[in-house]
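Colleague: Could you take a close look at one part of this protein with me, the place where two helices meet? I'm new to this, so please keep it chatty and then show me what lies around it.

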Amino acid sequence: EARVEELAEAQRRTEARVEELAEAQRRTEARVEELTGRFDELVLRLDALTVKVDKLATAVEMLSTQWAEDTGALYELRFERKAPSLFGEWLRKPRAISLNDLDRVDEAEDAGTLSAFDARQLRALDVIIQGFDKREAGYPETLFAVEVSRTLDETDLDRAENREALLTRAGYRAFPAVGGKFAPPRVVDLARQRGILLRLIDQLN
């Protein structure tokens with residue numbers, strides 16, 4: 001009988017232990033469920049934050065683009081207004097003109113010498129400076145095809161050369177030029193090597 005009682009007590013202890021373990025498991029499962037809920041909530045918050053950051057990045061990019069465009073337009077106006085000071089060393093009576101002043105461009109497009117694409121490229125030219133070349137006898141009429149950026153880079157040099165070539169093809173005596181606020185030393189060297197006039201807005205004669 002004592003042996004039976006010992007076995008019964010051992011069974012009760014086992015059952016109590018099993019119940020304790022079951023209760024611990026229930027608490028663990030509840031905790032896991034709570035943590036899962038919190039994790040899901042954090043994921044939702046992170047997704048919402050990511051969307052906000054993407055919208056902010058887009059807004060900043062739009063503002064940067066607008067700022068660059070506005071700044072570029074401002075420097076174009078300054079180059080037009082300061083043409084005598086910026087180009088007077090090379091040209092007599094330098095002045096800014098528009099493509100509408102250049103009848104040969106329309107004539108070249110009509111004749112097929114310039115394509116419609118070429119004409120669009122010329123319409124995108126930032127500034128055209130007209131004057132009379134001091135470097136040549138007789139002061140021949142001359143154009144500078146000027147690409148303007150706040151900070152000049154090699155792309156500006158390429159565009160100036162390409163658009164000067166189009167003016168030349170249309171029958172004008174033209175040279176490439178670039179202008180802006182800043183120019184890295186590499187761009188200054190490249191412009192010199194390629195025969196492109198580089199003028200900074202602070203270089204006023």
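Modeller: Here is a walk through that helix pair, followed by some residues around the chain.

Keep in mind from the start that this is a predicted model. To get your bearings, the protein chain has 6 helices and 5 strands. Follow the sequence along and you'll meet them in the order α-α-β-α-α-β-β-α-β-α-β. There are 205 residues in the protein chain, and 30% of them are buried. The accessible surface is about 13500 Å², and carbon and sulfur atoms hold 53% of that. If you take the contacts with a separation of 6 or more, 63% of them join residues 24 or more positions apart.

Now for the helix pair. The two partners are α4, covering residues 116-123, and α5, covering residues 154-169. Their axes come within 10 Å and cross at roughly 120°. How do we describe two helices placed like that? Angles over 115 but not over 145 degrees fall in the oblique class, so α4 and α5 are oblique to each other. There's also a handedness to it: α4 passes α5 in a left-handed crossing.

Which residues do the touching? On the α4 side, look for Asp118, Gln121 and Leu122. Across from them in α5 you'll find Arg163, Leu166, Leu167 and Arg169. Sort the residues of this contact by character and you get 3 nonpolar, 1 polar and 3 charged.

Stay on α4 for a moment and find Arg123, which sits in that helix. Is Arg123 buried or exposed? Its relative accessible area is 53%, so Arg123 is exposed, given that exposed means over 50%. Skipping residues up to four places away in sequence, Arg123 touches Leu99 and Ala116. Its C-alpha is also 9.4 Å from that of Asn100, with the two positions 23 residues apart in sequence terms.

Next, pick up Arg169 again, one of the α5 residues that meet α4. From there you can look across to Ala108: the two are 61 residues apart in sequence, yet 8.1 Å apart in space, C-alpha to C-alpha. Ala108 belongs to helix α3, residues 103-111. With a relative accessible area of 7%, Ala108 is buried. Leave out its neighbours within four places in sequence, and Ala108 is in contact with Thr113, Leu114 and Ala170.

For another buried residue, try Gly180 in strand β4, which runs over residues 174-182. Its relative accessibility is 0%, so Gly180 counts as buried, since the cut-off for buried is under 20%. What does Gly180 touch, not counting residues up to four places away in sequence? The list is Phe79, Ser149, Arg150, Leu152, Arg199, Leu200 and Ile201. Also, the C-alpha atoms of Gly180 and Asp202 are 8.9 Å apart, while the two residues are 22 apart along the chain.

Last, here are two backbone oddities. Most residues other than glycine have a negative phi. Lys93 isn't a glycine, but has a positive phi of about 55°. You'll find Lys93 in strand β1, residues 91-97, and at 65% relative accessibility it counts as exposed. Tyr139 isn't a glycine either, and its phi is positive too, at about 50°. Where is Tyr139? Look in the loop between β2 (127-133) and β3 (141-151). At 38% relative accessibility, Tyr139 counts as partly exposed.

So if you go back to the part you asked about, picture α4 and α5 as oblique to each other, with Asp118, Gln121 and Leu122 on one side of the contact and Arg163, Leu166, Leu167 and Arg169 on the other.

Technical notes: Residues numbered from 1 in each chain as written. Predicted model: local features only at pLDDT ≥ 70, side-chain atom pairs only at ≥ 80, totals over all residues. Heavy atoms only, no water. Axes fitted to C-alpha atoms, helices over the stretch in contact; angles between N-to-C directions. Helix = DSSP H or I, 4+ residues; strand = E, 2+ residues; numbered from the N terminus. Parallel < 35°, antiparallel > 145°, perpendicular 65-115°, else oblique. Left-handed = near helix turned anticlockwise from the far one by under 90°. Contact = heavy atoms within 4.5 Å. Nonpolar A, V, L, I, M, F, W, Y, C, P; charged D, E, K, R; others polar. Buried < 20%, exposed > 50% of the residue type's maximum accessible area, 1.4 Å probe, protein only. Areas by Shrake-Rupley, 256 points an atom, 1.4 Å probe, with all protein chains shown as cover.
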